[in-house]
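Here are my notes on the model you sent. They are set out as numbered points, to be read with the structure open.

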Amino acid sequence: MQLPDGPKIHPFFQLIKWLGTPFEFLDDCAKHYGDIFTIRLFGYSPLVFIANPEGIQQIFSADPQSFDAGRGNEIFRPLFGDNSLFLLDGDRHKRERKLLMPPFHGEKIKSYGDSICQTAQKVASEWQVNKPFTARDAMQKITLEVILQVVFGLSEGERYEQLKPLLVKRLELTSTPLRASVVFFKFLQKDWGAWSPWGQFLRLRDKIYDLLSAEINDRRANPQDQSNDILSLMLSATDEDGRPMTDEELREEMITLLIAGYETTASALAWAFYWVHKLPEVKEKLLQEIDSLGENPNPMEIFRLPYLTAVCQESLRIYPVAVTAVARITNSTVEIMGRQFEANTRLLVSIYSTHHREDLYPNSKQFLPERFIERNYSPYEFIPFGGGNRLCLGNALAMLEMKLVLGTVLSSYQLALADDRPVKPKRRGVTVAPSNGVPLVMTGKRAAKKAVFAK
Ligand code: HEM
């Protein structure tokens, strides 16, 4: 079977470009080969990238049995474990998604609003006037607290205090393209002792697992303490034979949600803070909208603001945190965009390339939130959270967090970029984040409607 055309350079150099400068690489591919092309990464099967809304619709709305995504997510196996939602397929994936879905949807999501705003206020209250801080680190503190609350129902206490720095350190291990290589090059995944990159990773993972196991044991020993957080849900779930989840299954699903849930949202928020402070006209319009709510707005009023929503959407469009959706491996011959793909072909919906189609997003390299007010994009055109049966489980929570954190912080603090240089996207593990984390400085506090300088 002839796969779509793609770059001719050696797969090793394709991998280097994919790791080092993924957005430039994809722009180059789109320029030369259009909206469907094949990339060959050294050590991996060929990947067919698709950036065509019709093709994306065919993939996202196909019968889930047409594709396996779990077995296409091999790269996550050492990071999350065999029992992670990312690694599951078929009935087990469907069942586990159904189990995990309620805390991420509808009324339940709204109930996190107050605590997101309070967490944002708490973190922001540590900023000192004229002392620079990194937006990404600050956002990471907020999103980590929020996800700990959603998964465990709590975000304080000794165990959580121990867990937080370990989770942060765990992500730091893949925070540069060089460090991220350990995820992509299987031959680097060898434990050569506590100082080797993989050795460090494994030791840290074991420490995190120990803490998670201790929490699981406590909860099992005190069933009366169960609340409606995710761990409690998982502890009370049984499979079709009435068996509860094993400790290993519980640990791996928890680490999946903790990691997937906070690093992505922190990077997305850091980008949003960057654009708002880079572009004065965007900031002014946004502040006007936020101020129109008066003092102490309720979280759901902030959530519904149209321009704030558009700013978050445009941030997720221009530099999507996830460059692609997860790979879908065809289970039998499948037709996409009039082409036949035989069984075992890896199809990757390219989020970045779709978000930079000039026919959908004119002047795509410019940050223009108005485009989301003037036009409604379909779930096959604006796809920061992927789609279909693998649609990001936390998409509603992530949007809620982005809007509430931006709204809360901007209404109370005056911030400015601490460094004028343009910020570039840089790989962090499997995601892409702002290169320098976006240095900001707090120049003063403000009250709704009227800016007040700090003394
Ligand atoms: C701005 C923040 C986020 C972005 C950009 C993002 C993006 C994505 C993308 C692109 C996928 C793959 C979807 C596909 O292949 O169709 C995904 C999957 C997933 N995300 Fe997110 N995500 C974010 C936040 C979160 C949060 C807050 C959670 C909460 C726990 C989360 C949990 C997951 C899980 C569990 C999956 C796997 C779903 C499955 O395989 O069925 N994500 N995310």
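1. In what order do the 3 strands of the open sheet stand, and is the pairing parallel or antiparallel? The order is β4-β12-β9, and the pairing is antiparallel. Please keep in mind throughout that this is a predicted model.

2. The edges of this sheet are β4 (133-134) and β9 (413-417). Each of these two has a single partner strand, so one side of each is left without a neighbour in the sheet.

3. The contact between β4 and β12 (residues 439-445) consists of 2 bridges in the antiparallel sense. Within it, Thr134 stands opposite Pro439 of β12.

4. A further open sheet has 5 strands, in the order β1-β2-β8-β5-β3. Its pairing is mixed. In general, strands of a sheet pair through backbone hydrogen bonds, and the sense may be parallel or antiparallel.

5. Which strands stand at the edges of the 5-stranded sheet? They are β1 (36-39) and β3 (67-68). Both have a single partner strand, so each is left with one side that has no neighbour in the sheet.

6. Strand β8 (residues 346-349) shows both senses of pairing. With β5 (residues 328-330) it pairs in the antiparallel sense over 2 bridges, and Ile329 stands opposite Arg346 of β8. With β2 (residues 47-50), β8 pairs in the parallel sense over 4 bridges; here Val48 stands opposite Leu347 of β8.

7. Are the residues on the two faces of β8 buried or exposed? Arg346 and Leu348 lie on one side, Leu347 and Val349 on the other, and all four are buried. Both faces of the strand are therefore covered. Note that Arg346, the residue opposite Ile329, is among the buried ones.

8. Turning to the ligand, 26 residues surround it. The closest are Gly261, Ala325, Gly386, Cys392 and Gly394. The elements that give two or more residues to this shell are α13 (247-278) and α19 (395-412). Helix α13 gives the most, with 7 residues.

9. What is the make-up of the shell around the ligand by class? It has 16 nonpolar, 8 polar and 2 charged residues.

10. One residue of helix α13 deserves a separate entry: Ile259. It has 20 C-beta neighbours inside 10 Å, and because the cut-off for a buried residue is 20 or more, Ile259 counts as buried. Ile259 and Gly90 are 169 residues apart along the chain, and their C-alpha atoms are separated by 23 Å.

Methods: Residues numbered from 1 in each chain as written. Predicted model: local features only at pLDDT ≥ 70, side-chain atom pairs only at ≥ 80, totals over all residues. Near = placed C-beta within 6 Å. Nonpolar A, V, L, I, M, F, W, Y, C, P; charged D, E, K, R; others polar. Buried ≥ 20, exposed ≤ 12 C-beta atoms within 10 Å, placed from the backbone. Pairing = 2+ DSSP bridges.
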